[in-house]
Amino acid sequence: MGVEDQNRDYKSLKKAIGAKANHRDLAETCVCFANAQGGEIIIGFEDKEDAPPPSQAIKQEEVNDLVKSLRSLTDGVSIAHSEILTHENGGEYVVLKIFPSTRTIATTSSGKVLIRISDNCYPVGSDELTNLASEKTAFQWEIIVAQKITLDQADPEKIQGLLKDLRASDRVSNFIKEKEDQELLSFYQLISLEGFLTNLGILWLGKPSQIARLSYPVTVQYIVYNEFEEKVRKKEWHFHLHNPKELLLEIEREAVELTYSSELPNGLFRKNIRQYPREVIRELLVNAIAHKKFTVSGDIFIEVYPNRLRITNPGSLPLGVTPENILHERHRRNPHLIQLMSDLKLMEGEGSGYDLVFEKLVRDAKPLPTIESDFTKVSVTIESTSINPEVISILDYVEKNFQLTQKEYITLGIIASEKKLPATQLASKLQLKQEDRTRFWLGSLLEKKILITHGEKKGTQYLLNPMLFEYAQIDIVPSLKTMEPYKLEALILEDLKYNGGSKMADIKNRLEGVPEGDIKKAVYKMVEEGLVLTFGGKRNRTYALAKKK
């Protein structure tokens, strides 16, 4: 079976035809696609199978009845179906094509509104209908012909530059590269079937006067502040003077403050760490341009402070995507623009690119981005300094000696920066709803003994293997945060031996650097075992060594 995604869903024939058919469920899938960017429902594939059953046969009357039923169970949904197709194994299947509803909100006959996000359907609440209506116009903006401008009226230099870049890109297949110029531009939705430039075509290939009439005037404002948050430099770029690639390269060339780096000791050498990793800057700038709502007014702001960078663009996150799930959800507001920028190697291309942002930040032991979104804007803030510079040496050692996946690097970087992290907090930082899914992100880190664990089940904690410090020959003393429980218990016993009866706060103050939760856990355990005695009430409780018999 192919991969289910934003525009494709596979269904068993039993769900569409026969006694066990569930047309209401299929109708909801149709509504999901119609309210997003359209899609295909491939009927005839059993769950997790790569092909239909070899003996599977479908009658044309059954397909006609299915489509008729789905049309009666939906409103605002346009459905077309293929002829009955035969797989190479002999099994038959059929494809239903669902077109995006450009002017209305699609619903089921019972009034349900749903939308397709990544490979799932999500219900849309009444409070989100306004957002959905706004989102639908943003979805279709790229392919609309608003001005009847032909290719020969566009900027010839931009046309030749784009064709040259596409044919030189290793992300574009030879089959696409070999197309005629006009065919190639049509493939990327820059030209309509009638031969006119689409909105996307004008944005990329148009002359300044043509782009200026395209949508609301848009300016990218770049502002640098000093430590008193006073403006010390400002630069502006107007959208109509550049296509997206030119705009991106111009910002990167002019925004020198984003290229600053800091020097950190690294053994006998010193290592330069950029305040803002180049790949992170590129991805955030591309996101601001490629995921922007071109149907609303508002400028893009890039604000640089001495200790942080904030990028803000107009329009909310796509419906269904939130700051709490942005690492996993894949939703393209301007899919054709994103496809073009991806094929030109200007961006990651697979959704939001936040997995790359997370990876590059944790590799430099920097905090994860702070993402804020409301109906009018999205802002992303990243900090310039590392949480724990000493961790960078460990991560360098791991990179040179182990081959890890992107998920493993993100997980390792988060745990390394925290020194020790409970399973619940790791799941939260990885934006996972279920803790058991962390195993896919931990990958081989435990097997390769890069990480070790303390505790079991919900009490599991992950920490860097202390042996890494020895292997890496790094002159760093492992933090008290990483101390094994039995060593911490011994340390507390020694503390009480020399300081006598003490309150919990006093013990914590003397063991600076050890998490308070770990100290409490160790003391309570020793009380249960009779090694430590308690005196006084809750507020003034003290702890002292039990006398040896």
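Me: Which residue does the side chain of Asp 374 meet in a salt bridge?
Reply: In this predicted model, a salt bridge calls for a Lys or Arg side-chain nitrogen within 4 Å of a carboxyl oxygen of Asp or Glu. The side chain of Asp 374 satisfies this with an N to O distance of 3.1 Å, and the partner is Lys 377.

Me: Is Lys 377 buried, partly exposed or exposed?
Reply: The class called partly exposed lies between the buried limit of under 20% relative accessible area and the exposed limit of over 50%. Asp 374, with 34%, falls in that class, and Lys 377, at 39% relative accessibility, likewise counts as partly exposed.

Me: Which residues are joined with Asp 9 into one network by salt bridges that share partners?
Reply: One salt bridge of Asp 9 is formed with Arg 116, where the closest N and O atoms are 3.0 Å apart. Both Asp 9 and Arg 116 are buried. Through shared partners, the network joins to Asp 9 the residues Lys 11, Lys 15, Asp 25 and Arg 116.

Me: How many residues apart in sequence are the parts that Arg 116 and Asp 9 tie together?
Reply: Arg 116 belongs to strand β8, residues 114–117, while Asp 9 belongs to strand β1, residues 8–11. Their salt bridge therefore ties together parts whose separation in sequence is 107 residues.

Me: In which helix does Arg 363, the partner of Glu 399, lie?
Reply: The side chains of Glu 399 and Arg 363 meet in a salt bridge at 3.1 Å, N to O. Glu 399, which is partly exposed with a relative accessible area of 43%, lies in helix α14, residues 390–401. The pair ties together parts 36 residues apart in sequence, because Arg 363 lies in helix α13.

Methods: Residues are numbered from 1 along each chain as its sequence is written. This is a predicted model: local features need pLDDT of at least 70, side-chain atom pairs count only at pLDDT 80 or more; totals for chains, interfaces and linings use all residues. Side-chain values use heavy atoms; hydrogens and water are left out. Helices (H or I, at least four residues) and strands (E, at least two) are DSSP runs, numbered from the N terminus. Buried means under 20% relative accessible area, exposed over 50%, partly exposed in between (1.4 Å probe, protein chains only).
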